[in-house]
Amino acid sequence: MILDKTHYQELFQVTDKDMADLAVTALSHGGDYCDLFFENTIDQVHQLMDGKVSSGGLNVDYGVGIRVLCGEKTGYAYSESTLKKDMTAAAEAASAIAQGLGCGAVAPRDTRSIGATYTHQDSNGGRLVRRLFQGRPNPAADRYPIVSDWRNLSPSVAVDWLYRLEDAIKRKDGRIISISCVLSDQTSDLMMYNSFGELKYETRPMTTLQAMVTAVDKGKKIGRNASRSFRKGAEMLTEELLEEMAASIADGMDAAFEAERPKGGQMQVVMGAGASGILLHEAMGHAFEADFNRKGQSIFSDKMGQKICADGINIVDDATIRGNRGSLNFDDEGVPGQRTMMVENGVLTSYLHDRISAKFYGVSPTGNGRRDTFRSSPIPRMRATYMESGNASPEGIIASVKKGIYVNEFSNGQVKIGEGDFTFFVKNGFLIENGHLTRPINDVNVIGNGPQSLKDIVAVGNDCIIDDSAWTCGKGQSVPVCCGMPTVLVNNLLVGGE
């Protein structure tokens, strides 16, 4: 949702001149650039456990973060108050930190120069830093308008939906003995200003519904869960969504009870469409983030413009999907959200950039500068990462495998960014024997190397699914993301079983 600028300035008690003055203070000891990030976030969470409301809470997070860039170095400070004296103190602290990091001292800029159309060289005599993203936020292009604002609703609305979800799950399977449902919502008013005079503002919603169940059959106990999360208000909740979540828990119940650990070894692995995209996110996506590459820590640091996988494979990081958990009108540096092709027809074509890495590589930022809260400096992060559909049918892919496994859900992955090695636990899957899905499996690991696995993809299905579960990515900071995949066949992965 994008409201009028006055809403955000009144909320944070600042004017255009106040922000320009803060930028002058932040650059008073030198530096190439500074930005201000204002945030007011309201979080609510309600939990229902076995028919009873077990917890509920509300949290408000309010403040401003001020960043000063000096070459590749950063001075950062924040204030939980937006009173002028407190913001000025934070701006002075960020400026002093940047000076301590080696910024050359310069005379303080006149306020009138902030926001003017100008170009200057960085302190290392490097590339020019230019004003890039002018223009006002456009409500007509908003990717997450709010129809029903949680801030205007009673907590009883959330609790009622939790009871409805619990009832929908109960009706699906009599073996379920315990149900826990959680509904959380977050609404963030944000405003960003920088020393180029660029001003961006918006209100970001997020609603997340989760269900965890325990079921028992013939003495065997299993756990199942489902979640859905969108950048929407309370309008996200519908009877259709509840039915979809309940069905996703119940549909795999029989296989979960029957699943056994198979024999391990080197074999072909079919990644199911949708949730198996988490392997793409972890094993490949992080290695495409530009800070890892700029520092030489990624296996792909020297691969730009090179063929890294077969023709026809396209990997995207996308901020433009309406209502998607990972979508952004603009990132946390005020750069417009966009659709970034990382791999195009098998060729590595772009890293994921914030302003710092984009300046280093001499390219435009890709809108991937993200932060957890105003207390954190932005860094390159993914948004909605997925592989585009190919030409093969999912049925044909499975039929081509003589011996292997089919995986439709991973969890608990570990990745080494530098080497590209990964290990993922298989939550749900099936054995493939002579082209057919046979026995359900669990309790196995899939082990491989990200770049090699890309090279070993031999078939890409025509069925890409964006998984709308509550994915959260940690990289020192936590941000909401999304992932997706078509059905994909990978040769020569190590399956750790019996």
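## A predicted chain, from overall form to single residues

The mean pLDDT of this predicted protein chain is 91. Of its residues, 93% reach 70 or more. One stretch, residues 104-129, has a pLDDT below 50. Beyond near neighbours in sequence, that stretch makes 60 contacts in the model.

**The whole chain**

The protein chain holds eleven helices and 25 strands. Along the principal axes, its C-alpha atoms fill a box of roughly 75 × 55 × 35 Å. How does the radius of gyration agree with that of a compact globule? For 498 residues, a compact globule would come out near 23 Å. The protein chain has 24 Å, so the two agree.

Buried residues make up 55% of the 498 residues. The protein chain exposes about 20,000 Å². Carbon and sulfur atoms supply 49% of that area. Now take the contacts with a separation of 6 or more: residues 24 or more positions apart account for 73% of them.

**A six-stranded sheet**

Six strands form an open, antiparallel sheet. Their order is S3-S2-S1-S6-S7-S8. Strand S3 (73-79) and strand S8 (220-230) are the edges, and each pairs on one side only. On average, neighbouring strands are turned by 20° against each other, direction ignored.

Look at one pair within this sheet. Strand S1 (residues 33-49) and strand S6 (residues 176-194) run antiparallel and share 15 bridges. Here Ile42 stands opposite Thr187 in S6.

Two helices that pack on the sheet are set out below.

| Helix | Strands touched | Angle between directions |
|---|---|---|
| H2 (residues 16-26) | S1, S2 (52-70), S6 and S7 (199-217) | about 110° with S1 |
| H5 (residues 239-251) | S7 and S8 | about 150° with S8 |

Strand S7 appears in both rows: H2 touches S7, and H5 touches S7 too. H5 also touches the edge strand S8.

**Helix H2 up close**

Why is H2 described as largely enclosed by the rest of the structure? Nine of its eleven residues are buried, so the rest of the structure largely encloses H2. The buried residues begin with Asp18, Met19, Ala20 and Asp21. Leu22, Ala23, Val24, Thr25 and Ala26 complete the list.

What do these buried residues pack against? Their partners include two helices, H1 (5-12) and H3 (84-100). The strands S1, S2, S6 and S7 are partners as well.

**Two asparagines with positive phi**

Asn434 is a residue other than glycine, yet its phi is positive, near 50°. Asn434 sits in a loop. That loop joins strand S17 (421-433) to strand S18 (436-441). Is Asn434 buried or exposed? Its relative accessibility is 56%, so Asn434 counts as exposed.

Asn492 has a positive phi too, near 60°. Asn492 is likewise a residue other than glycine. Asn492 lies in strand S25 (residues 488-496), whereas Asn434 lies in a loop. The relative accessible area of Asn492 is 47%, so Asn492 is partly exposed.

Terms used:
Residues numbered from 1 in each chain as written. Predicted model: local features only at pLDDT ≥ 70, side-chain atom pairs only at ≥ 80, totals over all residues. Heavy atoms only, no water. Helix = DSSP H or I, 4+ residues; strand = E, 2+ residues; numbered from the N terminus. Buried < 20%, exposed > 50% of the residue type's maximum accessible area, 1.4 Å probe, protein only. Pairing = 2+ DSSP bridges. Axes fitted to C-alpha atoms, helices over the stretch in contact; angles between N-to-C directions. Contact = heavy atoms within 4.5 Å. Rg over C-alpha atoms; globule rule 2.2 N^0.38 Å. Areas by Shrake-Rupley, 256 points an atom, 1.4 Å probe, with all protein chains shown as cover. pLDDT = per-residue confidence, 0-100.
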